[in-house]
Amino acid sequence: MSYEILQADSGCPGEPTPNLEDYEQFRAAFDWDQARQQLARLPAGGLNIAHAAIDRWVLAGCGDRVAMRFIRRDWERRNFSYAELGRQSARFANVLAGLGLAAGDRVFTLAGRIPELYFTLLGTLKFGAVYCPLFSAFGPEPVRARLDIGGGRVLVTTLSLYRRKVLPIRPQLPELEHVLLTDARGADLPEGTRSFAELMATADDAWRIPPTDPESLALLHFTSGTTGKPKGAMHAHEAVVAHYATGRYALDLHPGDVYWCTADPGWVTGISYGAIAPLANGVTIIVDEEEFDAERWYRILAEERVNVWYTAPTAIRMLMKQGKELAATHHYDRLRHLASVGEPLNPEGVIWGQAVFGRPFHDTWWQTETGAIMIANFRSLDVRAGAMGRPVPGIEAAIVSVQRDPDGNPVAAEVVTTPDEQGELALRPGWPSMFRGYLGDEARYQRCFADGWYLSGDMAKRDADGWFWFVGRADDVIKSSGHLISPFEVESALLEHPAVAEAGVVGLPDPVAGAVVKAFVELKPGHEGSEELARQLIGFARKRLGAALAPRSIAFSDRLPRTRSGKIMRRLLRARELGLPEGDTSTLETNG
Ligand code: ATP
Ligand code: MG
């Protein structure tokens, strides 16, 4: 296997040393109890995410530290200390008590990046209810479906989102008793809603978190819907042990750091790594209300003196599309660690990080189901461009070959020991943030396990040194003339061409080869799609990949279909090409 190696950063003067200095040694000595002990237990007994993320800092005398720096669309900044977040979340817990909620009830948000979302998250956890975020760009139907599956009793949202997305479907949600609006009061409140601010103003700002069983449910997160109907993954308070440990060891968070996770809090990353993991590590989180804008992002990284930045390949590719010159308008002297998640990170992206910021992007792999980072590139290790990295301490990962019955249920999983051989990425169950089930779909949950392994549904390889390499989702891998072709590998090769901004690769049925490779390509500004360019791209890919793997045909597209969280939906490319039903499109970017 050939790949570029980017050397581990030796640290600039004044920078803290990596939390995980020696991977092998640390991994051998690590157990989850160690991490558990670093998080204070709840005074009343048990373990509560909100206590580990907020109250323990206040009790330790660090309440004045800035927990959240909120940047409004118009650039006005507002700081919230740990003590302030403690009070606001206590108020919200009291609001829930006043509404007559019971432990285990479900509280949803449908909102953009606003402070009230974080008060709701933390207050709900303090109260002992279950928190579920909904992405603000969802249309009424995805909102209805998720509130219905989750049995939401309380929804926190804004006036305009309520009018557009909730009002039309409210009659179909008999369990939804309370709708609280963050930006309306008094006479402006539509019938059947209440004012979040008014309820908060009269609520007590002290709240004693009740004893919390670490196994009690805390979070409900819907998957992105890339491969089909979104599933509701349930997580327990115990998950914070993994959030904390992976924040510390994989993202290298140090107390007092300024940290920016660009994922929207409507998705699992925006909650687990946008709020819980960083707060449990005592850092300052940046929350920007505005949508993606390359110039704005560079300004935030520089002016906020961000130390650790966690973003996604789709965002990295959008920055790359705009060129290095734009990035060069600022200095990023405090930036210490760059990481990425959500989709495979093409080697081009890793290397671009090195060229522009002086450090590579560190890929991390995980899923809504795993609740926390499972495989990562670590600050103290060299980066193999294109690899997902190595398992985080406490995680046993393997490549397995799975046998399935005719209905697709796994019946056996055997570990593949030969290096570089492709198989399904599997994890040994038992880590703290492992999902506890899919809400309302026990059978689907059971189908994730065989022979003592959790089966991720992703295909990967493990090299002889223990690095994991992503191949593709099980459904996306292309079987052609006896080869197994990784769409990721083909897409990465195309991205090396100067005209290509994005690529989505699928297999189309072929009577001879079984399947042939077709690539859908989005071009960089200043390039036009033409037959000549298509021929050039095919030739370019052939040189890099060989004729068997290179695409047979290329189609140019202004915008590839993506999920709202930015993932290319290859199943839709395939269905559209073949005129097949599109399946669940509730998370498609252009809907809603
Ligand atoms: P659904 O399960 O509904 O089809 P989804 O799998 O996209 O949607 P998520 O849980 O948000 O929902 O995403 C997890 C998936 O994202 C992983 O299983 C993997 O396919 C992909 N992914 C995440 N990080 C990486 C990465 N670093 N490299 C490659 N793929 C990644
Ligand atoms: Mg998935």
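A residue is called buried when its relative accessible area is under 20%, and in this predicted model Ile478 counts as buried because its relative accessibility is 2%.

**View 1. Ile478 and its surroundings in strand β26.**
Ile478 belongs to strand β26, which covers residues 478-480. When neighbours within four places in sequence are left aside, the residues in contact with Ile478 are His483, Leu484, Ile485, Val505, Val506, Gly507, Ala515 and Val517. Val287, by comparison, is 191 residues away from Ile478 in sequence, and the two C-alpha atoms are 39 Å apart in space.

**View 2. Ser486 in the loop between β27 and α16.**
Ser486 is placed in the loop that runs between β27 (483-485) and α16 (487-495). Its relative accessible area is 4%, and Ser486 is therefore buried. The side chain of Ser486 reaches the backbone nitrogen of Glu489 at a distance of 3.0 Å, and, if residues up to four places away in sequence are not counted, Ser486 also touches Phe470 and Val471.

**View 3. Cys132 and Cys448, in a structure with zero disulfides.**
Why is Cys132 without a bond to the closest cysteine sulfur? A disulfide needs two cysteine sulfur atoms within 2.5 Å, whereas the sulfur of Cys132 is 17 Å from the closest one, in Cys261, which is too far for a bond. Cys448 is likewise in no disulfide, and the cysteine sulfur nearest to its own, that of Cys132, is 18 Å away. Both residues can be judged by the cut-off for burial given at the start: Cys132 counts as buried at 0% relative accessibility, and Cys448 counts as buried at 4%.

**View 4. The aromatic pair of Phe135 and Trp267.**
A pair of aromatic rings is described by the distance of the centres and the angle of the planes. The count for this structure comes to 33 aromatic pairs. In the pair shown here, Phe135 and Trp267 are 5.4 Å apart from centre to centre, with 40 degrees between the planes, and the pair is classed as tilted. The pair links distant parts of the chain, since Phe135 lies in the loop between β5 (130-134) and α6 (140-150), while Trp267 lies in the loop between β11 (258-261) and α10 (268-280), 132 residues apart. Phe135 counts as buried at 10% relative accessibility, and Trp267 is buried with a relative accessible area of 8%.

**View 5. Phe357 and Phe361, an edge-to-face pair.**
The ring centres of Phe357 and Phe361 are 6.4 Å apart and the planes stand at 85 degrees, so this pair is edge-to-face. Both of these residues, Phe357 and Phe361, are buried. They belong to one aromatic cluster, whose members also include Trp260, Phe292, Trp297, Tyr298, Trp309, Tyr332 and Trp352.

**View 6. Two arginines whose charged ends sit over rings.**
The charged end of Arg146 sits over the ring of Phe222, at 5.5 Å from the ring centre. In the other case, the charged end of Arg296 sits over the ring of Trp75, at 4.1 Å from the centre of that ring.

**View 7. The residues around ligand 1.**
Which of the 22 residues around ligand 1 come nearest? They are Ser224, Gly225, Thr226, Thr227 and Thr368. An oxygen atom of the ligand is 3.1 Å from an N or O atom in the side chain of Lys231. A nitrogen atom of ligand 1 lies 3.2 Å from a polar backbone atom of Gly342, and a backbone N or O atom of Pro344 is 3.5 Å from a nitrogen atom of the ligand.

Note on methods:
Residues are numbered from 1 along each chain as its sequence is written. Chains are lettered from A and ligands numbered from 1 in the order in which they are written. This is a predicted model: local features need pLDDT of at least 70, side-chain atom pairs count only at pLDDT 80 or more; totals for chains, interfaces and linings use all residues. Side-chain values use heavy atoms; hydrogens and water are left out. Buried means under 20% relative accessible area, exposed over 50%, partly exposed in between (1.4 Å probe, protein chains only). Helices (H or I, at least four residues) and strands (E, at least two) are DSSP runs, numbered from the N terminus. Contact means heavy atoms within 4.5 Å. Rings of Phe, Tyr and Trp (its six-membered ring) pair if their centres lie within 6.5 Å; planes under 30 degrees apart count as stacked, over 60 as edge-to-face and the rest as tilted. A charge sits over a ring if NZ of Lys or CZ of Arg is within 6 Å of the ring centre and within 35 degrees of the ring normal. A residue is near a molecule or strand if one of its heavy atoms lies within 4 Å of it. A polar contact is a pair of N or O atoms within 3.5 Å; within protein, one must be able to donate a hydrogen and the other to accept it, and residues adjacent in sequence count only if both atoms are side-chain atoms.
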